[in-house]
Amino acid sequence: MGSSSPLATRPPFRRWAHLALFTITLVSIVFFRSSTVISSAFSQSSPQEIARRSQILSKCAYLHAKPGPPPNFHVRTQSDRYADSENTTPVLVRNATIWTAADNGHEVLNGDLLMHRGLIKAIGNIPLSLIRQIELKNTKLEIIDAHGAWVTPGIVDLHSHIGVGSAPQLNGASDTNSRKAPILPWLRSIDGLNTHDASYELAMAGGVTTAQILPGSANDIGGQAFIMKLRPTTERSPSSMLLEPPYTLNGSHFDHSLTPRWRHMKHACGENPSRVYGMTRLDSGWNFRAAYDSARKLRDAQDAFCAKVESSSWDNLAGKTFPEDLQWESLVDVLRGRVKLSVHCYEAVDLDGIVRLTNEFEFPVASFHHAGETYLVPDLLKKTWGGTPAIALFASNFRKKREAYRGSEFAPRVLAEHGIDVVMKSDHPVVNSRYLLHEAAQAHYYGLDPALALLSVTSTPATAMGMGHRIGMLKPGYDADIVIWSSHPLSLAATPTQVYIDGIPQLSLPGQYVAKGPTTPPRTPNFDSEKVTTVVYEGIPPLEPRSVKGALFVNVSGLYMRGEGSSGVMRVSEQAGSVGVEDGRVVCVGRCPDFAEGVVDIVDLEGGTIIPGLTSFGAPLGLVEIRLEPSTNDGRVHNPLDGDLPAVLGDTIMRAQDGLMFGGQNLLLAYRGGVTTAITAPSGTFLQGISTAFSPGAAHARVENASVVDEVALHVAVSMSSRVGVSTQVAALRNMLFGEGGDKVLRRVRKGKITLVVDVQSADIMATLLRLKDEYEAYSGRELHMTFAGATEAHLLAHEIAKAGVSVIVTESKPFPSTWEQRRILAGPPITQESLVTALLKAGVNVAVGVIDEYNARNTRFEVGWSLLTSNGYIDRATALALATTNLEKALGVPREMPQDLVAYRGGDVFEFEAKVVGVISETLGRTDLFE
């Protein structure tokens, strides 16, 4: 018998009942499970959840987006900074010589430039139809005839502290640095940006239109930087001055579908953080690594979170949020390559440390700043992760600290020859950003290609800060930031006649106070040999001259010499031809048959000139070698107003002669720059001491005639910045004058036989000193010889100074309101018609020019040239020479006729970035010194 199914043996009803029950159970199970899934799906698809997930997805996608302009940026029809409420009249600049910065800085167009709605609309040959189209839509089109003048993009400063280190310096607006900790990436310069800084107007008067505002260098990581346009806005707020601020400015809640904007940050290594926090480079190295390790951990947590998001692993993210940390988020963005990082580093050891750091944590550096030794390690720079940074440099501001001691004027040229982008920057207010173009012109003088020199303050810094898509170049669609110049931009005294920012003019009296200058670039000297030697000797080349008994200078275009007595400087020969010298004296002019070739050195000046050697005053030449290294300096003298003098000193006043050091780099560079006499006073406050005059070319103090005048003048300082009040300082000075006894030099001051030089800035204090002079002369019946040094505000009482017979030594011919007592500057063209020098000369004051920084003594002739070329023709060349020779010696009361020391310049104009010193004919030392 075969078997059968159990269902087959059951009654039909029971079979159907079981089948129905099975079906109902199955359907119930399926329905239950489906209901659970549906319920779950509904919950996950709620509007709140959908929005949350969408936000997270957008934030994760944003992490990998690259910063830069949005896709439609270059089709914009008006600037994002355009405002109808501001002066936005369309402007047509006609008949201009336009340097566009295109074609690696070689494109120059002769034509017109049209600006409208904050943008450059057209350039070159502009269609008449476009001009008519704009005229139809606007009530007025302003037309400016440039008459062939040079037009460039606005100057871009990659390194500035304008607004955070405000002028004048006041404690209430000192926000450059925090000193709370060495690692502070969460701080932001925008939070300290002062809109009332007096520097804005001055910087724009120099053609600067955009600046990166960096925190200072007290910290290893000082905080975040911001880019700003310098023009005032109707809103009058720091935020309204910013250019493309990052969307993270006001938190992380923003539209993450937008193209990210570049962020900016400051790092610093080397001496500054070490000095501020009492640590070493070893500490800084660890600080950097620890900070970046914290940032890396946060970045990795974000990436892990977003990996789950992007794989839809939402179940694994239940109850979790996107990892964020407000302190470290900016440093995470550095690791993501979304921050233009500016790193303050001088020396090879520091540069190497940062390069290694970038490779350990894999982040790029946009620019190294100050970077004094970069020209010595170009191959190291190229190892930076992500590509070689741009290098932002000073032109000649070196040697003030040990890490800057090997800096060189040839660094820009050397770096460019290695294919590395060069930027010239101000570090405002270290260098007044008004003269940032002057830095580029100096770099050009020492051999940097002219196109690269102009790029170094326009397109190259714009690119380094991530703004090269809109500033630093002249082309349609770019911001209407342009400068019209009085002369070729690389000439010594190039001055804006008008500056436009966002198409808005910034100079109230355009061109009215500015004399036209040369339209062709300066003919720069050949420094090939000096450049090579500087690199070979790693920044400390031998600077001593080659001394000869006799020499013949040929192809001499002009000879100037000191006149006898007080007759000043006079031209001896307009076409000298040949000048023979022996034992430091000129022995023949024109035909010199006794100087046969082979017997003496023949020096071809190639049309250059021979002029009197310059005298330097104001800088502590011979007393200071490395300013921030006390062991290299004479030191500051004791201030008697701070407490009792040591008894061993008695009534003795300090003498600069006792602390002189010869053979220093600053001293020899000044000699090679045409300075043949240095007059130096001790450094100190109030009673500074007695100055001395000496030859910077002497090897040591025992060389015959190394000392030109042992005791020149007595120097005091009266300042509102002193630890004691002005009235106390004046009372002390009155007591010195009206008293008896004391140092022999003080007794000679009382008798009118030696000059009292007062370092003073405020016009109010000068007025008090003039009254004191009157009092003493009425009391003693003798003349008190007085000179003001510094004298920033002297123009306010120029006629009173002249009437009193007081001389003035202007130690800042390019004035800046650094302190409250200097706030009333006479800015000079293009802001005011007169400069301080011309205003005093016109009032009948004996005026001289000096410098205050030892590194700048070598540039004395350029300071004199600036006064000459910005005087609108009032100063002639003989007067210009007198500013740093006979006028200066008269102001200091030099008690003898100075030696007939002469300087031979090869080629070009002495008062331009052209001629080069090739020799000193030193009557003082009885020899001729040659520099090649």
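In which loop is M720 found? M720 sits in the loop that runs between strand 30 (713-717) and helix 18 (726-738). The model is predicted. The protein chain has 932 residues, and 59% of them count as buried. Its secondary structure comes to 25 helices and 37 strands.

**Overall build**

- Taken along the principal axes, the C-alpha atoms of the protein chain fill a box of roughly 150 × 75 × 60 Å.
- Among contacts in the protein chain with a separation of 6 or more, 73% join residues 24 or more positions apart.

**Surface and charge**

- About 38100 Å² of the protein chain is exposed. Carbon and sulfur atoms supply 52% of that area.
- The protein chain carries 87 positive and 96 negative charges. The mean positions of the two sets are 7 Å apart.

**The patch around M720**

- L170, M720 and W820 make a nonpolar surface patch of about 300 Å².
- M720 has a relative accessibility of 44%. M720 counts as partly exposed because this value falls between the 20% limit for buried and the 50% limit for exposed.
- The loop between strand 30 and helix 18 thus supplies M720 to this patch.

**Helix 23**

- Helix 23 spans residues 860-869. Nine of its 10 residues are buried, so helix 23 is largely enclosed by the rest of the structure.
- The buried residues of helix 23 include the charged-type side chains R861 and E863.
- Also buried in helix 23 are T860, F862, V864, G865, W866, S867 and L868.

How values were computed:
Residues are numbered from 1 along each chain as its sequence is written. This is a predicted model: local features need pLDDT of at least 70, side-chain atom pairs count only at pLDDT 80 or more; totals for chains, interfaces and linings use all residues. Side-chain values use heavy atoms; hydrogens and water are left out. Patches are made of residues with over 30% relative accessible area and no salt bridge: like charges are joined within 9 Å, nonpolar side chains (Val, Leu, Ile, Met, Phe, Trp, Tyr) within 5 Å. Accessible areas come from the Shrake-Rupley method with a 1.4 Å probe; for residues, only the protein chains shown count as cover. A salt bridge is a side-chain nitrogen of Lys or Arg within 4 Å of a carboxyl oxygen of Asp or Glu. Helices (H or I, at least four residues) and strands (E, at least two) are DSSP runs, numbered from the N terminus. Buried means under 20% relative accessible area, exposed over 50%, partly exposed in between (1.4 Å probe, protein chains only). Contact means heavy atoms within 4.5 Å. The place of a charge is taken as NZ of Lys, CZ of Arg, CG of Asp or CD of Glu.
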